[in-house]
Amino acid sequence: MKRTLLTSTAILVTVLLISSCSSDEKGENGKGADSYTVQNDKDTTASDSLSDNAKELIDAMFRNIPSPVTLSFVLHEAGIEYRKELTHDPDLARDYASSYKQSLMLGVYGTDLTYSNITDHFPETMKFMAASLSLYESLGINNAVSETIVSRMESNENNRDSMRVIISESFANLEGYLKDNDRMDIAGTILAGGVVEALYISTQVLDMNNPDPKISQLIADQKYSIKSLVGLFQSLEKTEMTQKVYADIMQIWKIYEQMEEQTNEGTDQMDGEVLRIGSKQKIVASTEQLVAIKELVSKLRMSYINTGV
C-alpha cells in the first residue's frame with residue numbers, strides 16, 4: 001500500500017470530491033487505520049444524541065477514510081476513459097423520495113461528478129452538480145451550499161483545477177453544516193454511497209481475466225476505507241438509515257477482512273513532480289476476492305439507484 005501526496009484529507013465530501021492531484025495535500029491510504037478495533041454488533045450502543053467524544057471520533061474517521069476520488073484519478077492515470085454508462089443518470093435525482101435514498105444518491109453523484117471532472121467531461125460534471133443541488137433541496141440542507149456555486153462553476157467549467165477548488169469548498173461546507181446540525185446519519189450515508197459508487201466503477205472497468213495491477217491494488221487498498229466506515233457507523237446513533245447502511249458496509253468488510261496484509265520495505269520516490277512515500281504494508285487481493293467485491297457492490301449499487309423503494 002502506498003501513501004501518496006496525490007490524495008486528499010478525507011473529511012466528509014472531500015471523501016467524494018476534493019482533488020487528489022494537488023501535491024501539497026496530505027496522503028491518505030491507511031493513515032490511522034489501526035487506531036480502533038472493529039466491534040461486534042453487541043458491543044455498539046445507541047444514544048439519543050452524539051457525545052462530544054463520539055463526534056471527535058467521527059471527525060477522526062472522516063479524516064482517515066481514503067478518498068474514492070483516488071480511484072477516479074488512478075483510472076484516469078491508467079488510461080481508462082470516461083464511460084457514461086457506468087455513472088448514474090443525473091436526471092433521476094428528483095425521483096428519490098426518502099432521506100435514506102437521497103443521502104445515498106448524494107454520495108453516488110458526488111463520485112460520478114469527480115469521475116467526470118477528472119476525465120475532463122465538464123458538461124457531465126455540471127449535470128452531476130445540478131443533481132446534487134436538487135438533492136440538497138430535497139433534504140432541506142440547501143443552506144449549506146453557497147448560492148454562487150453554480151455561477152462560479154459555469155465560469156470555470158473548462159478549468160479542471162479551478163473546478164476542483166470550487167467543488168472541494170462547497171462540499172467541505174456541506175460536511176461542516178451536517179456536523180453542526182447533528183445530521184451525521186446523513187453525512188455517513190453520503191460517504192458510504194460514494195465509496196460504493198467508486199468501487200462499482202473501478203471493478204466494472206477491471207478485466208478480471210487480465211487485471212490491471214494498478215487498479216487491482218487500488219481496490220485492495222480500500223480495505224482501510226471500509227474498515228473506517230465500519231467504525232464510523234458503529235459510533236453513530238442506531239436509526240433505520242444507519243442500520244441499513246451499516247449492514248451493507250459489513251457485507252463488504254467480510255470480503256476485505258479476508259485479504260492478507262504483507263509487510264515489505266517501501267522506498268520514497270519521485271513520480272514526476274509528486275513524491276510517493278513508500279509503506280511497509282501492502283494489501284493482497286486474489287482474483288476471487290476482486291470478483292466477490294465486484295458482484296457485491298454491483299448488487300448494492302443496483303439497490304441504491306432503484307427509485308421504486
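This is a short walk through one predicted model, mostly about its helices and a few side chains.

Okay, ground rules. Because the model is predicted, local features need pLDDT of at least 70 and side-chain atom pairs count only at pLDDT 80 or more, while totals for chains, interfaces and linings use all residues. Residues are numbered from 1 along each chain as its sequence is written, and side-chain values use heavy atoms, with hydrogens and water left out.

Let's start with α3. When I say helix, I mean a DSSP run of H or I with at least four residues, numbered from the N terminus; strands would be E runs of at least two. How many of the residues of α3 are buried? It's 19 of 20, so mostly covered, given that buried means under 20% relative accessible area, exposed means over 50%, and partly exposed is in between, with a 1.4 Å probe and protein chains only. On length, the 20 residues of α3 should span 28 Å at 1.5 Å a residue, and the end C-alpha atoms are 29 Å apart, which agrees. The expected span, by the way, is 1.5 Å times one less than the number of residues.

Now its partner, α7, which runs over residues 184-205. The 22 residues of α7 should span 32 Å, and its end C-alpha atoms are indeed 32 Å apart. Of those 22 residues, 21 are buried, so α7 is largely enclosed by the rest of the structure.

How do α3 and α7 pack? Their axes are 7 Å apart, at an angle of about 45 degrees. Axes here are lines fitted to C-alpha atoms, for helices over the stretch in contact, and angles run from 0 to 180 degrees between N-to-C directions. That makes α3 oblique to α7, since under 35 degrees counts as roughly parallel, over 145 as roughly antiparallel, 65 to 115 as roughly perpendicular and the rest as oblique. The crossing of α3 and α7 is right-handed, meaning that the near helix is turned clockwise from the far one by less than a right angle; anticlockwise would be left-handed.

With α4, α3 packs at about 160 degrees, with the axes 9 Å apart. That makes α3 roughly antiparallel to α4, and this crossing is left-handed.

Right after α3 comes D120, in the loop between α3 and α4. D120 has a positive phi of about 65 degrees although it's not a glycine, and at 38% relative accessibility it counts as partly exposed. D182 also has a positive phi, about 55 degrees, and isn't a glycine either. You'll find D182 in the loop between α6 and α7, partly exposed at 47%.

On to rings. Searching the whole structure gives two aromatic pairs, where ring centres of Phe, Tyr or Trp (its six-membered ring) lie within 6.5 Å. One of them is Y82 with Y115, 5.0 Å centre to centre and 45 degrees between the planes, so tilted: under 30 degrees would be stacked, over 60 edge-to-face. Y82 is in the loop between α2 and α3, Y115 is in α3, and they're 33 residues apart. Is Y115 buried or exposed? Buried, at 0%, and Y82 is buried too, at 11%.

Last one: the charged end of K244 sits over the ring of Y100, 4.6 Å from its centre. The criterion is NZ of Lys or CZ of Arg within 6 Å of the ring centre and within 35 degrees of the ring normal.
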